[in-house]
Amino acid sequence: MKKRTLLMIPGPIEFEPSVLSALGQPTQSHIDPRFIEVFGRTLEKMRKVWGSPAGQPFIVPGTGTLAMEMPAANLVEPGDRVLAVSTGYFGDRYADILSRYTDRVKVLSAPPGETVTAGCIEEELKKSDYSLMTITHVDTSTGVRMDPRPLGRLGRRYGVLTVLDGVCSVAGEELKQDEWELDVVFTASQKAVGVPPGLALVVAGPRAVSRWKNRKSRVSNYYCDWNQWLPVMEAYEAGRPAYFATPAVNHVCALDVSLDTVLREGMAERFRRHRLVGRAFQAGIEALGLKQVPFDSQSRAFTLSAPYYPPGVTGDRLLPRVREAGVIFAGGLHPEIKARYFRVGHMGSTRLTDVMSSLGALETALEECGVSLIPGVSMAAARSIAVSEDS
Ligand SMILES: *Cc1c(COP(=O)(O)O)cnc(C)c1O
């Protein structure tokens with residue numbers, strides 16, 4: 001019998017069979033009229049998923065880290081003052097990336113599990129002539145979600161471009177790029193948009209594009225330069241091929257299929273389902289007495305959870321037993337608390353039944369590690385959330 005396991009990590013996630021089948025089709029020429037059509041309509045679908053009718057989408061072979069680098073390379077010039085708001089490992093990574101393009105990077109960081117408040121960010125923006133700030137919507141190392149709404153507004157008020165790392169949020173957490181006045185929002189294919197690793201997906205708003213057009217210096221990063229990519233995106237959308245670097249043909253075809261699934265569900269419903277699944281899983285772990293890295297329940301992401309191990313239990317003992325019970329979780333990532341917590345992704349096509357299976361596997365593994373618990377207690381708590389959300 002085929003051994004089935006449920007992959008519940010914060011990317012790569014489990015992919016829809018229709019997406020994997022699109023990925024496995026014979027590779028077309030990147031200038032085949034059929035592929036040009038697919039590429040063009042996939043760019044248009046990105047605008048809908050991002051909530052950015054006015055945005056310029058980019059589909060580029062690479063990962064989330066490349067998507068982080070792209071706005072830094074195109075929008076930051078030497079000597080620019082930039083602000084990196086950090087709620088974990090990926091916020092810190094952003095500061096490091098920015099520092100390759102200017103030596104005036106200020107990091108505003110929160111202790112693991114906490115947010116940086118809008119008030120604190122505004123204080124900082126008042127102090128200096130910042131040109132750009134980066135925020136991590138959901139930091140995958142802590143499970144902390146920042147509310148980007150007031151930050152887009154702040155950016156506008158202080159003339160600062162707002163760049164949102166949405167790698168662990170786009171197509172999972174509520175997002176309206178244009179309405180919230182966010183200048184760049186990006187993700188990677190393997191997270192909630194649901195395509196195997198390989199694509200960096202970036203949407204740049206009009207203010208970002210105009211800042212880039214008015215640069216004084218040449219973009220120093222060859223591969224990231226929008227001078228290379230913008231004509232390609234514009235051409236494919238206009239039904240013509242163009243070449244800078246070979247498009248990831250099969251991945252683009254798979255993205256076309258995956259974004260269809262996303263849009264067929266509808267963005268409002270998709271956000272509601274992620275909220276339900278996230279709250280249900282978190283109610284389950286709370287019922288087991290596990291503490292969570294995000295301190296305040298309002299700032300807990302719906303796309304992943306970050307529970308601490310209970311006293312006396314280590315990851316080395318727990319995680320292999322969860323896997324033996326059929327479910328795969330991820331270990332900790334934030335360097336300060338890495339060994340003390342684990343991470344569970346619940347984005348993309350995750351449903352309540354996956355939450356129940358995960359909690360069941362977790363209960364079994366905890367019992368095997370000597371933790372005493374009332375069997376089924378976490379599933380009951382998860383169910384009660386589902387019932388209350390449905391009414
Ligand atoms: C996964 C992730 C990244 C990095 O993406 P890679 O594809 O691993 O390069 C960046 N930011 C956040 C918030 C992420 O979750």
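The following dialogue examines how terms are applied to a predicted model.

Mentor: Residues are numbered from 1 along each chain as its sequence is written. In this predicted model, local features need pLDDT of at least 70 and side-chain atom pairs count only at pLDDT 80 or more, whereas totals for chains, interfaces and linings use all residues, and side-chain values use heavy atoms, with hydrogens and water left out.

Trainee: Why is Gln190 called buried?

Mentor: Buried means under 20% relative accessible area, exposed over 50%, and partly exposed in between (1.4 Å probe, protein chains only). Gln190 has a relative accessible area of 12%, so Gln190 is buried.

Trainee: Where does Gln190 lie, and with which residues is it in contact, leaving aside its neighbours within four places in sequence?

Mentor: Gln190 lies in the loop between strand E9 (184-188) and strand E10 (199-204); strands are DSSP runs of at least two residues and helices (H or I) of at least four, numbered from the N terminus. With those neighbours set aside, Gln190 is in contact (heavy atoms within 4.5 Å) with Gly11, Pro12, Ile13, Phe15, Val195, Pro196 and Pro197.

Trainee: Why does Val107 count as partly exposed?

Mentor: The relative accessibility of Val107 is 34%, which falls between the two limits, so Val107 counts as partly exposed. Val107 lies in strand E4 (residues 104-109). Leaving aside neighbours within four places in sequence, Val107 is in contact with Ala84, Ser86, Asp92 and Ala95.

Trainee: What makes the pair formed by the ligand and the side chain of Thr65 a polar contact?

Mentor: A polar contact is a pair of N or O atoms within 3.5 Å; within protein, one must be able to donate a hydrogen and the other to accept it, and residues adjacent in sequence count only if both atoms are side-chain atoms. An oxygen atom of the ligand is 2.6 Å from an N or O atom in the Thr65 side chain, so the pair qualifies. For Thr63, the corresponding distance from a ligand oxygen atom is 2.7 Å. A nitrogen atom of the ligand is 2.8 Å from an N or O atom in the side chain of Asp165.

Trainee: Which residues touch the most other members of the largest nonpolar core?

Mentor: A nonpolar core is a set of buried Ala, Val, Leu, Ile, Met, Phe, Trp, Tyr and Cys residues joined through side-chain atoms within 4.5 Å. Of the 95 residues in the largest one, Phe58, Ile59, Ile121 and Phe186 touch the most other members. Helix H2 (residues 33-50) supplies the largest share of this core, 8 residues.
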